[in-house]
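Trainee: Could we go through this one together before I head back to the bench? I'd like to start with the surface and then move on.

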Amino acid sequence: MAIAAAAASSSSSLFPKYPCLSRNSPRLPQSLRFSSTIRAVTLQPVKSERNQTLELEGDLFSCPICYEPLIRKGPTGLTLGAIYRSGFKCRKCDKTYSSKDNYLDLTVISGLKDYTEVKPASTELFRSPFVSFLYERGWRQNFNRSGFPGPDEEFKMAQEYFKSAQGGLLVDVSCGSGLFSRKFAKSGAYSGVVALDFSENMLRQCYDFIKQDNTILTSNLALVRADVCRLPFASGFVDAVHAGAALHCWPSPSNAVAEISRILQSGGVFVGTTFLRYTSSTSLIGRVLRERILQNYNYLTEEEIEDLCTSCGLTNYTSKVQQSFIMFAAQKP
């Protein structure tokens, strides 16, 4: 595991394929200048003390209330079919969790009949069936105007960052329609992939895409509804977390990043992408306009993102900005 004192001299090994991704590095070549990716990296492969096979068949999920491992009744495995036919229960809270519409609901409000909870507009927007349907049918393609390089290049970059976590468990938080979850699962690089989102309709869209490809349908891929601020995993349990174009939609980015830091094991990797509220080159008028236009979203500045990562216990922070998009990286020590 890298230490802070060695971070500067180790930048080339942290980003083996993209050695220019440090704060003071020269400008990236045009072909590599793109948006942002949140990432946590390690110098050595992740050494999990858990048995990966038993993990996927046993105590994979934890109660979102008390974080105790859930008792599972049903077939073993992480495939969609096995999860769908299984029931889960918390021994401590005596609360049960089950699958609905091919996803497992592990939210605190799962199964409640009278209580309803409405999230901020930035979250509720993506619970809409219309937006969920459009996400991969035109919505996401518009991100390139802000500097996103496109899903294929973003996935390629993420895979480089996740090299040390390959063979472990990857959680794609705020997965949306599963654009990247499917790519991670199909790569075969991980013992399991959990596609996780709060939006029921996004998860339904994700399943619709998955069932069109038998190689993904039978892979170790689970669809889970959960709150990014209350992730259903034990502390230090996960090898890698991905969050593509998601941070700005979270009700509380600080709570979400703290949760991600909690579930990552030592040396775990966090990769993600997000928009910036404005950059150092944005004019004063431009900053005022963006502040008003983006007031319903948690768009952060470069400085705020670095402060957030370090305050949540992540180290070796680095970033690269392209237009209004930032790539940043941090590591769980």
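Trainee: So how much area does the protein chain expose, and what share do carbon and sulfur atoms supply?

Mentor: The protein chain exposes about 14,600 Å², of which carbon and sulfur atoms supply 51%, with areas taken by the Shrake-Rupley method with a 1.4 Å probe. Bear in mind that this is a predicted model, in which local features need pLDDT of at least 70 and side-chain atom pairs count only at pLDDT 80 or more, while totals for chains, interfaces and linings use all residues. Residues are numbered from 1 along each chain as its sequence is written, and side-chain values use heavy atoms, with hydrogens and water left out.

Trainee: And what percentage of the residues count as buried?

Mentor: Of the 333 residues, 56% count as buried, meaning under 20% relative accessible area with a 1.4 Å probe and protein chains only.

Trainee: Switching topic, what is the strand order in the open sheet of three strands?

Mentor: The order is β2-β3-β4, with antiparallel pairing; strands are DSSP runs of E of at least two residues, and two of them pair if DSSP finds at least two bridges between them.

Trainee: Which strands stand at the edges?

Mentor: β2 (71-73) and β4 (96-97) do, each with a single partner strand, so one side of each is left without a neighbour in the sheet. Three bridges join β2 to β3 (residues 87-89), and K73 has G87 as its bridge partner in β3.

Notes: Buried means under 20% relative accessible area, exposed over 50%, partly exposed in between (1.4 Å probe, protein chains only). Helices (H or I, at least four residues) and strands (E, at least two) are DSSP runs, numbered from the N terminus.
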